[in-house]
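Welcome, and thanks for taking a look at this one with us. Please have the sequence and the 3D view open side by side as you read.

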Amino acid sequence: GQPADTELIVAASEVPRAFAIPGRPGRILVTSAMLNALDPAERRVLLAHERAHLTHRHGLLVSAVTLAAAADPLLEPVRAAVAFLVERWADERAAAVVGDRRVTARALARAALSAGRARLGCALQFTDRAVTRRIAALQTSPPPRLWSAALAVLALGTLPALLAADATSDLLHLLSGALD
């Protein structure tokens with residue numbers, strides 16, 4: 001029910017949530033509770049973070065690695081690492097857009113605390129060490145740009161998926177020959 005050119009969707013809800021919805025065009029869904037929990041500078045961080053997910057198509061990357069981990073459970077650590085790294089990537093993009101790493105860290109902390117109070121099982125709780133690691137990283141100097149490392153992570157995430165698909169194809173071919 002939103003106009004075609006609307007990027008931001010605000011949902012009236014008492015549950016503080018925000019996430020990027022991939023697609024063409026991508027959308028950012030934020031609840032009124034999350035907007036109320038943040039000050040204006042922190043809202044800019046939130047929107048920049050979610051825009052980074054859309055711009056860099058993090059949803060596709062995470063989905064590919066999740067499928068690979070479903071095909072090969074030994075890849076679960078790779079899936080977890082990629083999920084953490086795309087969040088860090090979006091954090092760094094938001095910090096660059098806003099121009100203040102401290103405000104970005106504060107926005108992440110406030111969003112995590114708000115979401116954690118609303119739902120005990122929320123992924124942003126401070127019992128999740130990933131959030132505290134992300135906040136700590138934002139309180140240091142920006143990381144160097146390591147495109148080669150990013151490509152290596154991407155290869156490590158997608159290559160096993162391709163190999164698992166090839167092995168599955170070979171197995172199906174062998175089984176079809178045995179059943180004939």
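Here is a short briefing on the fold, the strands, the helices, the salt bridges and the surface.

This is a predicted model. The chain has 180 residues, and buried ones make up 33% of them. Seven helices and three strands are found in the chain, and from the N terminus on they run in the order β-β-β-α-α-α-α-α-α-α.

**Overall picture**

- Taken along the principal axes, the C-alpha atoms fill a box of roughly 65 × 40 × 35 Å.
- The accessible surface of the chain is about 11000 Å², and carbon and sulfur atoms account for 63% of that area.
- If you take the contacts between residues at least 6 apart in sequence, 55% of them join residues at least 24 apart.

**The three strands**

- A good place to begin is strand β3 (residues 27-31), where five of the five residues are buried.
- Both faces of β3 are covered, with R27, L29 and T31 buried on one side and I28 and V30 buried on the other.
- Strand β1 (residues 8-11) runs parallel to β3 and is joined to β3 by four bridges; along this pairing, A11 stands opposite T31.
- Strand β2 (residues 18-21) pairs with β3 in the antiparallel sense, also over four bridges.
- In that antiparallel pairing, A18 has V30 as its bridge partner, while F19 is matched with L29.
- β2 and β3 form a hairpin with five residues between them, and G23 in the turn has a positive phi of about 150°.

**Buried positions in helices α4 and α6**

- Is D91 buried or exposed? D91 sits in helix α4 (residues 76-98), and D91 counts as buried because its relative accessible area is 2%, below the 20% cut-off.
- Leaving aside neighbours within four places in sequence, D91 is in contact with H49, T104, L108, R134 and L138.
- Two of those contacts, R134 and L138, are themselves among the buried residues of helix α6 (residues 129-138), together with V131, I135 and A137.
- These buried residues of α6 lie on the same side of the helix, because they cover an arc of only 160° around the axis.

**Salt bridges**

- How many salt bridges does a search of the whole structure find? The search finds nine, and three of them are described here.
- R51 and E7 form a salt bridge whose closest N and O atoms are 3.0 Å apart. This pair links distant parts of the chain, with R51 in helix α2 (residues 40-55) and E7 in the segment before β1, 44 residues apart.
- Both partners count as partly exposed, R51 at 36% relative accessibility and E7 at 29%.
- The side chains of R106 and E42 also meet in a salt bridge, at 2.7 Å from N to O. Here too the pair links distant parts of the chain, R106 being in helix α5 (residues 101-118) and E42 in helix α2, 64 residues apart.
- Where do these two side chains stand in terms of accessibility? R106 is partly exposed at 37% relative accessibility, whereas E42 counts as buried at 0%.
- E76 and R79 form a salt bridge with the closest N and O atoms 2.6 Å apart. Both residues lie in helix α4, three residues apart, which is about one turn of the helix.
- E76 is partly exposed at 35% relative accessibility, and R79 is partly exposed at 24%. Elsewhere, salt bridges that share partners join D39, E42, R106 and R110 into one network.

**A nonpolar patch on the surface**

- Which residues make the nonpolar surface patch? L171, L172, L175 and L179 do, and the patch has an area of about 440 Å².
- One of these residues, L179, lies in helix α7 (residues 147-179).
- L179 counts as exposed because its relative accessible area is 74%, over the 50% cut-off.

Conventions: Residues are numbered from 1 along each chain as its sequence is written. This is a predicted model: local features need pLDDT of at least 70, side-chain atom pairs count only at pLDDT 80 or more; totals for chains, interfaces and linings use all residues. Side-chain values use heavy atoms; hydrogens and water are left out. Patches are made of residues with over 30% relative accessible area and no salt bridge: like charges are joined within 9 Å, nonpolar side chains (Val, Leu, Ile, Met, Phe, Trp, Tyr) within 5 Å. Accessible areas come from the Shrake-Rupley method with a 1.4 Å probe; for residues, only the protein chains shown count as cover. A salt bridge is a side-chain nitrogen of Lys or Arg within 4 Å of a carboxyl oxygen of Asp or Glu. Helices (H or I, at least four residues) and strands (E, at least two) are DSSP runs, numbered from the N terminus. Buried means under 20% relative accessible area, exposed over 50%, partly exposed in between (1.4 Å probe, protein chains only). The arc is that of the directions from the helix axis to the C-beta atoms. Contact means heavy atoms within 4.5 Å. Two strands pair if DSSP finds at least two bridges between them.
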